[in-house]
Amino acid sequence: MDRAILHFDLDTFFVSVERKLDSQLENKPILVGGTGDRGVVAACSYETRKFGVHSGMPMKMAKMLCPEATVIRGNGETYSKHSKVVSEIISENVPVFEKASIDEFYADLSGMDKYHNCYGMASELRQRIIRETGLPISFGLSTNKLVSKVATGEAKPNNQLQIEAGQEKPFLAPMEVQKIPMVGEKMNRTLNNLGIRYVKTIQEMPMEVMGQVLGKNGIGLWNRANGRDDSPIIPFHERKSISSERTFGRDTGDVRKMREMVRAMAETLAFQLRTGNKLTSCVSVKIRYSDFNTFSKQLKIAYTSADHVLIPHIERLFDQLYNRRMMVRLVGISFSDLVTGNYQINLFDDTEERLNLYQAMDYIKTKYAYNKDGDQILTWASTMGISDIGAMGNPFNGEPPIIPAHRNA
């Protein structure tokens, strides 16, 4: 039985949400992302692309290319809420469903053509999403995830495309190699230097040759170019780590500010651990200096989710790491080696007052810590000078990590 894999992609999702909230933005060039000099374009409208603007571009350059564009900082919490509505509509109508990112979804319709026309069902589902959310969305339907994703890209904007079984290779053949998922700029340059510009060229090459030239990556690329992909639908994403980082608007040498920043991030991530019933046994700190050299340091610790245990480790790692006495561009922290569990009381150090304090703070944070825009309004007194370290929802809800618009400190 041929598989029937459906791929949905919300078109220019951040931009579409902003236009839904403000109809005056319709048909105007829009840039969503960091508004400072070091901001990055998280999303851009189709109107900006004819000027050469694309996501991931420095906002400063994007504004130079398209000075008439409206720049919006964006709000991850708002986008998450709209994404959740789409997720719920899809999950109600398909047997197996995967949320690949905040704006991408897969569904396995295999076998349903015995009772329904899969393409017709997908079309009805797309129209329902558009009708109930007001957001444009495209889909691709084929026998596997890879071809469906490429088909969605070809269908955009706000359209749909089906690739029949057996037509995967002819469909991919005339495309440039960079349209194959996981072929980035570096791989594209490598292939172009080898005289490979189109997918058809790879299809005509023996798999062994691709393996000899590019190793394991070459064999994987050959399979993708030939429309081969047996990756399954993953309904639940298990988080292996959580992290937070911030780029300063201007390089800073203010050690106190940097220590407050990593402390605030540690506080927020520790709260996420406790609300998700998770513990960490590995903490790390990252620093990027003004010359773009990046250094990190990690430490193995006993499993914990307590602020008073994690924050001192983070501060010590920062003090050990910050030794170049140069201006700093970015700081970040992460907790990894996560397991399910609750904080174990230390018989010698913990007190009833401290445990009650954690319970009270977590309750208040859960109920009152964030305003309607998703910004953090409650924090420890020691980090009151640091703003905008919002938790961005529950990282352990089974959904993939949400990448918000670039945020500056």
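Of the 409 residues in the protein, 47% are buried. Here buried stands for under 20% relative accessible area, exposed for over 50%, and partly exposed for anything in between, using a 1.4 Å probe and protein chains only. Keep in mind that this is a predicted model, where local features need pLDDT of at least 70 and side-chain atom pairs count only at pLDDT 80 or more, while totals for chains, interfaces and linings use all residues. Residues are numbered from 1 along each chain as its sequence is written, and side-chain values use heavy atoms, with hydrogens and water left out.

**The whole protein**

The secondary structure adds up to 14 helices and 13 strands. These are DSSP runs numbered from the N terminus, with helices being H or I of at least four residues and strands being E of at least two. The accessible surface is about 20,700 Å², and carbon and sulfur atoms own 51% of that. Such areas come from the Shrake-Rupley method with a 1.4 Å probe, and for residues only the protein chains shown count as cover. As for contacts (heavy atoms within 4.5 Å), take those with a separation of 6 or more: 66% of them involve residues 24 or more positions apart.

**Two crossing helices**

Two packed helices are described by the angle between their axes and the distance between the axes. Helix α1 (residues 13–21) and helix α4 (residues 76–91) have axes that come within 10 Å and cross at roughly 95 degrees. That makes α1 roughly perpendicular to α4. The axes are lines fitted to C-alpha atoms, for helices over the stretch in contact, and the angles run from 0 to 180 degrees between N-to-C directions. Roughly perpendicular covers 65 to 115 degrees; under 35 is roughly parallel, over 145 is roughly antiparallel, and the rest is oblique. Who meets whom? On the α1 side you'll find Phe13, Phe14, Val17, Glu18, Lys20 and Leu21, and they meet Thr78, Tyr79, His82 and Ser83 in α4.

**Salt bridges**

Side chains of opposite charge can pair when their charged atoms come close. A salt bridge here is a side-chain nitrogen of Lys or Arg within 4 Å of a carboxyl oxygen of Asp or Glu, and by that rule there are 14 salt bridges. Here are some of them:

| Pair | N to O distance |
|---|---|
| Glu92 and Arg128 | 3.2 Å |
| Arg197 and Glu176 | 3.6 Å |
| Arg274 and Asp307 | 2.7 Å |

Arg274 sits in helix α12 (residues 255–275) and Asp307 in helix α13 (residues 307–321), so this pair ties together parts that are 33 residues apart in sequence. Both Arg274 and Asp307 are buried.

In the pair of Glu92 and Arg128, Glu92 is in the loop between α4 and β5 (96–101), while Arg128 belongs to helix α5 (residues 118–133), 36 residues apart. Glu92 is exposed because its relative accessible area is 57%, whereas Arg128, at 21%, is partly exposed. Salt bridges that share partners also bring Glu132 into one network with Glu92 and Arg128.

Arg197 and Glu176 are 21 residues apart: Arg197 is in the loop between α8 (185–193) and α9 (199–204), and Glu176 is in the loop between α7 (168–172) and α8. Arg197 is partly exposed at 44% relative accessible area, and Glu176 is partly exposed at 32%.

**A surface patch and a loop residue**

Phe51, Met61 and Leu65 form a nonpolar patch on the surface, together offering about 240 Å² of accessible area. Patches are built from residues with over 30% relative accessible area and no salt bridge, joining like charges within 9 Å and nonpolar side chains (Val, Leu, Ile, Met, Phe, Trp, Tyr) within 5 Å. Met61 belongs to helix α3 (residues 59–65), and with 41% relative accessibility Met61 counts as partly exposed.

Asp229 is in the loop between α11 (216–225) and β9 (241–252). Its C-alpha atom is 6.8 Å from that of Lys145, although the two are 84 residues apart along the chain. Beyond neighbours within four places in sequence, Asp229 is in contact with Arg3, Asn144, Lys145 and Leu146. Asp229 counts as partly exposed, with 22% relative accessibility.

**Backbone oddities**

Most residues other than glycine have a negative phi, and most peptide bonds are trans. The bond from Lys156 to Pro157 is cis, with omega near 0 degrees. Pro157 is in the loop between α6 (145–155) and β8 (160–162), and so is Asn158, whose phi is positive, near 50 degrees. Asp337, in the loop between β12 (328–336) and β13 (339–340), also has a positive phi, about 55 degrees, without being a glycine.
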